[in-house]
Amino acid sequence: MKIGIKGINRVTASATVALTAGAVIASGVFASSAQAATPPTPKITAAGGYTMNNGTAKSLFAKGADTRRSTGSTTKIMTAKVVLSQKNLNLDSKVTIQKAYSDYIVSKGASSARLIVGDKVTVRQLLYGLMLPSGCDAAYALADKFGSGTTRAARVKSFIGKMNAQAKSLGLKNTRFDSFDGIGNGSNYSTPRDLTKIASSAMKSSTFRSIVKTKSTKQKVTTKSGGYRYMSWTNTNTMLSSYSGAIGIKTGSGPTAKYCLVFAATRGSKTIVGTVLASTSAANRSADMKKIMDYSFKK
């Protein structure tokens, strides 16, 4: 049977149409898959935000990630890190609460762990008081305990020096501390990227991880008279109860810092750590973090 030129052209044309249609369908499938795999970048009210994969250190979200800002009580992540990095640390050693710590929080109108003068509180308990209710009195007690010097002022200065040394050892260029609790003198700053790196490093400590994921705790402390009392502390990080997979880390706020949050969550084998700085309210701080964490888990 002979097929004319016209017949060949019709066959060729039909095959071309079929191939073209197949290509369009296939490309549509691939385009849909690509769209599904790349969620839209979220918009947040916070001035700065950053997330990274804790296992690979890969950046996942960034907004003003390297802009220096006041950090509020997220500073206390470094306070805890310095304490936990001390050689031959005894977490059960006791610290006597001094009147100076109480006077400090009154004079600053600062957040408190409600420590009572004369009580003997362990270092571990002070870390809970530092990270859950964000106790500036606990921060002061730890700085006084782990700084070096013959006077309290010298010990505090020494401790803050250790905080800055830790930042330097992590290679952070945009972080500086001038306080042990975030109530600085104008030179206490970091960035979303740097704070996330500090938090990631701190999370290598099992003690730190245990503390920052705790929603509330009741601790038995020794009183001045040798008796005991119970201290109850609730974590200011409400996202531990409202975000799936949340494992920490620390809230912060202040007139300059506004509303801050350093956060970590694990889903499956993936852990993401992130920071938002200078959000406009506590509610927006949580909303911002949820947006960028959801986005990061999908990437």
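Two residues are in contact when heavy atoms of each lie within 4.5 Å. The model described here is predicted. Its chain of 299 residues has 47% of them buried, and its secondary structure comes to 10 helices and 11 strands. Among contacts between residues at least 6 apart in sequence, 61% join residues at least 24 apart. The points below cover helix α2 with its two partner helices, the residue V123, and a sheet with the helix packed on it.

**Helices α2 and α4**

- Helix α2 spans residues 76-84 and helix α4 spans residues 123-131; the two pack at an angle of about 165°, and their axes are 10 Å apart.
- Because of that angle, α2 counts as roughly antiparallel to α4, the cut-off for this class being over 145 degrees.
- The crossing of these two helices, α2 and α4, is left-handed.
- On the α2 side the contact is formed by K76, I77, T79, A80, V83 and L84, which meet V123, L127, L130 and M131 of α4.
- By class, the residues of the contact between α2 and α4 comprise eight nonpolar, one polar and one charged.
- Helix α4 is mostly covered, with eight of its nine residues buried.
- The buried residues of α4 are V123, Q125, L126, L127, Y128, G129, L130 and M131.

**Residue V123**

- V123 belongs to helix α4 and is one of the residues of α4 that meet α2.
- The relative accessible area of V123 is 0%, so the residue is classed as buried, for which the cut-off is under 20%.
- Beyond its neighbours within four places in sequence, V123 is in contact with V83, L89, N90, L91, S93, V95, L142, K145 and F146.
- One of these partners, L91, is 32 residues from V123 in sequence, yet the two C-alpha atoms are 5.0 Å apart in space.

**Helices α2 and α6**

- Helix α2 also packs with helix α6 (residues 152-169), at an angle of about 95° and with the axes 9 Å apart.
- The helices α2 and α6 are therefore roughly perpendicular to each other, a class that covers 65 to 115 degrees.
- From α2, the residues M78, T79, K81, V82 and V83 meet F159, K162, M163, Q166 and A167 of α6.
- The contact of α2 with α6 holds six nonpolar, two polar and two charged residues.
- T79 and V83 of α2 take part in the contact with α4 and also in the contact with α6.

**The five-stranded sheet and helix α10**

- Five strands form an open sheet in the order β2-β1-β11-β10-β9, and their pairing is antiparallel.
- Strands β2 (59-63) and β9 (246-254) are the edge strands; each has a single partner strand, so one side of each is left without a neighbour in the sheet.
- From one strand to the next, the twist of the sheet averages 5°.
- Strands β9 and β10 (residues 258-267) run antiparallel and are joined by eight bridges.
- Along this pair, G254 stands opposite K258 of β10, and G248 has A264 of β10 as its bridge partner.
- The connection from β9 to β10 is a hairpin of three residues.
- Helix α10 (residues 282-298) packs on the sheet and touches β1 (48-53), β2, β9, β10 and β11 (270-279).
- The direction of α10 makes about 145° with that of β11.

Definitions and conventions:
Residues numbered from 1 in each chain as written. Predicted model: local features only at pLDDT ≥ 70, side-chain atom pairs only at ≥ 80, totals over all residues. Heavy atoms only, no water. Pairing = 2+ DSSP bridges. Helix = DSSP H or I, 4+ residues; strand = E, 2+ residues; numbered from the N terminus. Axes fitted to C-alpha atoms, helices over the stretch in contact; angles between N-to-C directions. Parallel < 35°, antiparallel > 145°, perpendicular 65-115°, else oblique. Left-handed = near helix turned anticlockwise from the far one by under 90°. Nonpolar A, V, L, I, M, F, W, Y, C, P; charged D, E, K, R; others polar. Buried < 20%, exposed > 50% of the residue type's maximum accessible area, 1.4 Å probe, protein only.
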